[in-house]
Amino acid sequence: MTSFLQDKQLTIALSGEIDHHSAKETMQTVGKKIDLYLPSTCILDFRDVTFMDSSGIAIVINTVRRMRELDGRLKLQNVPAQPMKVLQAAGIERITPIGDMK
């Protein structure tokens, strides 16, 4: 997982498989980066995510909640087809914008 901050916008690039084995660590890492940088916008970039199950939904919802605590917002971008199906099935687009599909 890599990240960079520019103009109060934190971009976090997720990679690999997001499942119940990796979700807790991913959620903690994302939370620590948000707490460190206190961005006004957080972007989760899914470009290099090869698989995602429903555990990925928890990561997104947790990040939305944390950003709302900071009066910030979350955006999802570069979501490949398989993770997009999981996000759409959960109705995530109702709580945070999803950018272009990969």
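Trainee: Which residues of helix 2 are called buried in this predicted model?

Mentor: Ser 55, Gly 56, Ile 57, Ile 59, Val 60, Thr 63, Val 64 and Met 67. The cut-off for that word is under 20% relative accessible area.

Trainee: What covers the buried residues of helix 2?

Mentor: The cover includes two helices, helix 1 and helix 3 (81-90). It also includes strand 2 (9-18), strand 3 (41-52) and strand 4 (73-77).

Trainee: How do you know what span to expect of helix 2?

Mentor: Helix 2 has 15 residues. The expected span is 1.5 Å times one less than the number of residues, and here that is 21 Å. From first C-alpha to last, helix 2 reaches 22 Å, which is close to the expected value.

Trainee: What makes helix 1 and helix 2 parallel or antiparallel?

Mentor: Take the angle. The axes of helix 1 (residues 23-37) and helix 2 (residues 55-69) cross at roughly 20°. Angles under 35 degrees count as roughly parallel. Helix 1 and helix 2 are therefore roughly parallel to each other. Their axes come within 9 Å.

Trainee: Is the crossing of helix 1 and helix 2 left-handed or right-handed?

Mentor: Helix 1 passes helix 2 in a right-handed crossing.

Trainee: Which residues make the contact?

Mentor: From helix 1: Ala 23, Thr 26, Met 27, Val 30, Ile 34 and Asp 35. From helix 2: Ser 55, Ala 58, Ile 59, Asn 62, Thr 63, Arg 66 and Met 67. They divide into 7 nonpolar, 4 polar and 2 charged.

Trainee: Ile 59 is on the buried list and in the contact with helix 1. What about Ser 55, Thr 63 and Met 67?

Mentor: Ser 55, Thr 63 and Met 67 are on the buried list too, and they take part in the contact with helix 1.

Trainee: Why is Gln 28 called what it is, in terms of exposure?

Mentor: Gln 28 lies in helix 1. Its relative accessible area is 43%. Exposed needs over 50% and buried under 20%, so 43% makes Gln 28 partly exposed. Its C-alpha is 22 Å from that of Met 84, 56 residues away along the chain.

Trainee: Asp 19 is in the loop between strand 2 and helix 1. What makes Asp 19 count as buried?

Mentor: The relative accessibility of Asp 19 is 13%. Buried means under 20%, so Asp 19 qualifies. Leaving out residues up to four places away in sequence, Asp 19 touches Phe 51, Asp 53 and Ser 55. That last partner, Ser 55, is one of the buried residues of helix 2.

Trainee: Where is Thr 41, and how do you know that Thr 41 is buried?

Mentor: Thr 41 is in strand 3. Its relative accessible area is 7%. With the limit at 20%, Thr 41 is therefore buried. Beyond its sequence neighbours within four places, Thr 41 contacts Lys 8, Gln 9, Leu 10, Met 67, Arg 73 and Lys 75.

Trainee: What makes phi of Lys 8 worth a remark?

Mentor: Most residues other than glycine have a negative phi. Phi of Lys 8 is near 65°, a positive value in a residue other than glycine. Lys 8 sits in the loop between strand 1 (2-6) and strand 2, and is partly exposed at 45%.

Trainee: Which value of phi does Leu 38 take, and what is its sign?

Mentor: Leu 38 has a positive phi of about 45° and is not a glycine. It lies in the loop between helix 1 and strand 3. Its relative accessible area is 41%, so Leu 38 is partly exposed. Just after helix 2, Asp 71 also takes a positive phi, of about 55°.

Trainee: Why is Val 49 called buried?

Mentor: Val 49, in strand 3, has a relative accessibility of 4%. That is under 20%, so Val 49 counts as buried. Its contacts beyond four places in sequence are Leu 14, Ser 15, Gly 16, Ile 18, Pro 80 and Pro 83. The C-alpha atoms of Val 49 and Val 79 are 7.9 Å apart, with their positions 30 residues apart in the chain.

Trainee: And Gly 99, in the segment after helix 3: buried, exposed or in between?

Mentor: Gly 99 is at 33%. That falls between 20% and 50%, so Gly 99 counts as partly exposed. Setting aside neighbours within four places, Gly 99 contacts Leu 76, Gln 77 and Met 84.

Terms used: Residues are numbered from 1 along each chain as its sequence is written. This is a predicted model: local features need pLDDT of at least 70, side-chain atom pairs count only at pLDDT 80 or more; totals for chains, interfaces and linings use all residues. Side-chain values use heavy atoms; hydrogens and water are left out. Axes are lines fitted to C-alpha atoms, for helices over the stretch in contact, and angles run from 0 to 180 degrees between N-to-C directions. Helices (H or I, at least four residues) and strands (E, at least two) are DSSP runs, numbered from the N terminus. Angles under 35 degrees count as roughly parallel, over 145 as roughly antiparallel, 65 to 115 as roughly perpendicular and the rest as oblique. A crossing is left-handed if the near helix is turned anticlockwise from the far one by less than a right angle, and right-handed if clockwise. Contact means heavy atoms within 4.5 Å. Ala, Val, Leu, Ile, Met, Phe, Trp, Tyr, Cys and Pro count as nonpolar, Asp, Glu, Lys and Arg as charged, and the others, Gly among them, as polar. Buried means under 20% relative accessible area, exposed over 50%, partly exposed in between (1.4 Å probe, protein chains only).
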